[in-house]
Amino acid sequence: MGEVIRFVSKSERERARLIQEARAIYDSIFPPADRAGEEQDEPAIGRTFIGRDGE
C-alpha cells in the first residue's frame with residue numbers, strides 16, 4: 001500500500017533512453033576521469049541519472 005504510480009509518456013521514456021545512449025557513447029570516447037584510486041578534482045556537472053521511475 002502507499003505506492004504512487006506515475007504516468008511516464010512514451011516521448012519522455014524515449015528522451016531518457018536517447019540521453020542514456022548518448023552518455024554511453026560519450027563515455028566510450030572520453031572515459032570518465034574518476035577511475036579506481038584517482039580523485040576527481042571537479043564535480044560532474046549535468047550528470048543526472050534518470051531511472052525507470054523518473055527519479
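These legends describe an overall view and several close-ups of a predicted model.

Local features are given only at pLDDT of at least 70 and side-chain atom pairs only at pLDDT 80 or more, while totals for chains, interfaces and linings use all residues. Residues are numbered from 1 along each chain as its sequence is written, and side-chain values use heavy atoms, with hydrogens and water left out.

**View 1. Overall fold and surface.**
The protein has one helix and zero strands. Helices (H or I, at least four residues) and strands (E, at least two) are DSSP runs, numbered from the N terminus. Helix α1 spans residues 10–29. Of the 55 residues, 4% count as buried. Buried means under 20% relative accessible area, exposed over 50%, and partly exposed in between (1.4 Å probe, protein chains only). The accessible surface comes to about 5600 Å². Carbon and sulfur atoms account for 54% of that surface. Areas come from the Shrake-Rupley method with a 1.4 Å probe; for residues, only the protein chains shown count as cover.

**View 2. A salt-bridge network in helix α1 links Glu14, Arg17 and Glu21.**
The structure holds three salt bridges. A salt bridge is a side-chain nitrogen of Lys or Arg within 4 Å of a carboxyl oxygen of Asp or Glu. Side chains of opposite charge can pair when their charged atoms come close. Glu14 bridges to Arg17, with the closest N and O atoms 2.8 Å apart. These two residues sit three apart in helix α1, so about one helical turn separates them. Arg17 also bridges to Glu21, with a closest N and O distance of 3.0 Å. Here the spacing along the helix is four residues, again about one turn. Glu14 is partly exposed at 35% relative accessible area. Arg17 is partly exposed at 38%, and Glu21 is partly exposed at 40%.

**View 3. Arg6 and Glu12 form a salt bridge.**
Their side chains meet at 3.1 Å, N to O. Glu12 has 32% relative accessibility, so it counts as partly exposed. Arg6, at 45%, is partly exposed too.

**View 4. Tyr26 and Phe30 form a tilted aromatic pair.**
A search of the whole structure finds one aromatic pair. The ring centres of Tyr26 and Phe30 lie 5.0 Å apart and the planes meet at 45°, so the pair is tilted. Rings of Phe, Tyr and Trp (its six-membered ring) pair if their centres lie within 6.5 Å; planes under 30 degrees apart count as stacked, over 60 as edge-to-face and the rest as tilted. Tyr26 is partly exposed at 45% relative accessibility. Phe30 is partly exposed at 48%.

**View 5. A nonpolar surface patch joins Ile25, Tyr26, Ile29 and Phe30.**
Together these residues have about 430 Å² of accessible area. Patches are made of residues with over 30% relative accessible area and no salt bridge: like charges are joined within 9 Å, and nonpolar side chains (Val, Leu, Ile, Met, Phe, Trp, Tyr) within 5 Å. Ile25 lies in helix α1. Its relative accessibility is 45%, so Ile25 counts as partly exposed.

**View 6. The Ser28 side chain reaches the backbone of Ile25.**
The distance to the backbone oxygen of Ile25 is 2.7 Å. Ser28 belongs to helix α1. With a relative accessible area of 57%, Ser28 is exposed.

Methods
A polar contact is a pair of N or O atoms within 3.5 Å; within protein, one must be able to donate a hydrogen and the other to accept it, and residues adjacent in sequence count only if both atoms are side-chain atoms.
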